[in-house]
Amino acid sequence: MQKKVIKYTVALILLLVVGYNSVYIKKLSEVKAASTVGKFDAAAYAQTFWKEKLTPGLTKANNLPELLTLLKSEKENAFKNYSHALGIGNLRYFLIKGEGKITAINENDISVTLLPDSVGKDVKIATEFVYGNAVRDALGILSINDFSNTMDMNNVSAELNKKIRTEIIPPFRAQAKKGDVVAFTGAIELNQAHLRLDEIEVIPVSLKLVRD
Amino acid sequence: MSPKVFVKEEKAQVQTPSLKASALSSSYSQYLVKFQSLIALFILCLIISLLSDKFLTVANGWNVMRQISVNICISVGMTLVVLTAGIDLSVGSVLALCGAITAGLLKFGIELPSQDLFIGFTLLGAVMAGMLTGTLLGTFNGWTITRFKVPPFVATLAVLTIARGLTMLYTKGFPISGLGADFAYIGTGWLLGIPVPVWISGVIVVMAVILTNKTRLGRYIYAIGGNESAARLSGININKVKTTVYAIAGGLAAIGGIIVTSRLDSAQPNAGISYELDAIAAVVIGGTSLSGGRGSILGTVQGAIIIGVLNNGLVLLNVSPFWQQVVKGLVILLAVIIDKANSKSE
């Protein structure tokens, strides 16, 4: 009996010591106030990036029909000179621009045939599932070292994509009709090792209807 | 010395050469069976080192040891479960949930807005909470198996899904990253020239060896796996032992989860997928019988090292990940066939 009492007393003391060193209690309002100081604001960063870097940088966008021709004839050169990516891997991003005639308005995207007609190439403009890092990385000016951790960096992509989904696509989609001509800029993702030019999807940065 | 024994010895001395050869070959085959995992490991190392000059280096050795330490943690728990003729398919998901809870509590604590209270967790607190979660899930496994007589395969399969779902709910499908240097030390640090995860798995192995060989619980585990009815009739509390074993397996999966999370400095909602298969493979390759009652912790450690070396070797040899899975599957199959053959010969 005495042995049991000693055993349970020791266990209780141990539990109390561990418990005391395991948790601390503070006022939530104080913690929240402290946590906002110096915290990375991905939304603000994305907004500044869009306004001060991406929009002026669109002047460097590659003409999509010309880029596609180059990718067919000189793949290595095209990737080397015009693509960007953070880190290693086969997925690389191109900043592009072009004009196309809308051939179909689908649930998740809009199909366009690139102009001039002689190009005869169909691409899709994403209007529903805007994900990934294409827009963030296509300009090639951001570096991993600009961020203290990968989550902050990924949050910038998420904010840029959110802006495209909520501000760029809805007004365009509301007006776009089959047969319209659209002038677009944006980013595309291509796999250098397994290049497929028949499934190109543009993540739009700007969309402007040019009525035919 | 009794005359009977003397006669036996006399008989032994006049054995024919064919009998002597047969006895010798029988003793050789016994040695082969006993050290089959070590022999397989030696042959594997020899082949890989001949094919890749990067294999037999100190850095790669530590790399392999660090990688297998998580599997060793899980496999030790799995061995105890398999020794009772059970199986635990939930360890991979339990690993993910415990890693997420540890990371979540460490980073975000618990907020109680209605009370304007914030409960923060120190490193010790978060790790303890993670381990407690694993142990509780393991206990739940044991409880459903013993209380409702649900087959272990089904009960732990259910917990596999439950734990994965809870992980997704807790993390909202996103990784929890940026957990601090102190926490990262668990998975990436060095102590006395040896990686910390190797120390952790080493301590677990020593404790498990003592548990299985030197304690009453260890003897009960073997007894239940060998013959459950006989164990029950001899007064062993089967339900208590089984629940304890599943609780230990859950706790060890939690430790694996904490190591993985610390190594990556991030709790991934998809962490630990198919880890249970690697653990079962290590157990089987290490010679533990899936029907229970036969096997050892050290055998499992050898099995885990074989899988680790195999994984590492296949990567160094630039084998496609698809082929890696095929090769691993074949090795497991071979191990089970050899185990069956050994059981028959015994």
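Which side chains meet in a salt bridge at 3.4 Å, N to O? Keep that question in mind for a moment while I say that what we have here is a predicted model, and that I would like to start where chain B and chain A come together.

The two chains bury about 1,300 Å² between them, and 65% of that area is on carbon and sulfur atoms. The contact takes 15 residues from chain B and 13 residues from chain A, and across this interface the rule finds one salt bridge. To come back to the question, the side chains that meet are those of A:Lys32 and B:Glu111.

Staying with chain A, the unreviewed UniProt entry annotates residues 6-25 as a "transmembrane region". In the model, that span is 75% helix and 15% strand, and its end C-alpha atoms lie 31 Å apart.

Now to chain B, and to a residue that I find worth a careful look. B:Arg66 sits in helix H4, which covers residues 58-83, and it is buried yet has no salt bridge, since the nearest side chain of opposite charge, B:Asp265, is 13 Å away. What does B:Arg66 touch, if we leave out residues up to four places away in sequence? Its contacts include B:Gly187, B:Trp190, B:Pro197 and B:Arg263.

Finally, let us check a helix with a little arithmetic. Helix H6 of chain B, residues 123-147, has 25 residues, so at 1.5 Å a residue it should span 36 Å, and its end C-alpha atoms are 35 Å apart, which agrees. After H6 of chain B comes B:Lys149, whose phi is positive, near 55 degrees.

Key:
Residues are numbered from 1 along each chain as its sequence is written. Chains are lettered from A and ligands numbered from 1 in the order in which they are written. This is a predicted model: local features need pLDDT of at least 70, side-chain atom pairs count only at pLDDT 80 or more; totals for chains, interfaces and linings use all residues. Side-chain values use heavy atoms; hydrogens and water are left out. Helices (H or I, at least four residues) and strands (E, at least two) are DSSP runs, numbered from the N terminus. Buried means under 20% relative accessible area, exposed over 50%, partly exposed in between (1.4 Å probe, protein chains only). Lys and Arg count as positive and Asp and Glu as negative; His and the chain ends are not counted. A salt bridge is a side-chain nitrogen of Lys or Arg within 4 Å of a carboxyl oxygen of Asp or Glu. Contact means heavy atoms within 4.5 Å. UniProt positions are given in the numbering used here, feature names are shortened, and annotations may be inferred rather than shown by experiment. The expected span of a helix is 1.5 Å times one less than its number of residues. Buried area is the accessible area (1.4 Å probe) that two parts lose on being put together, summed over both.
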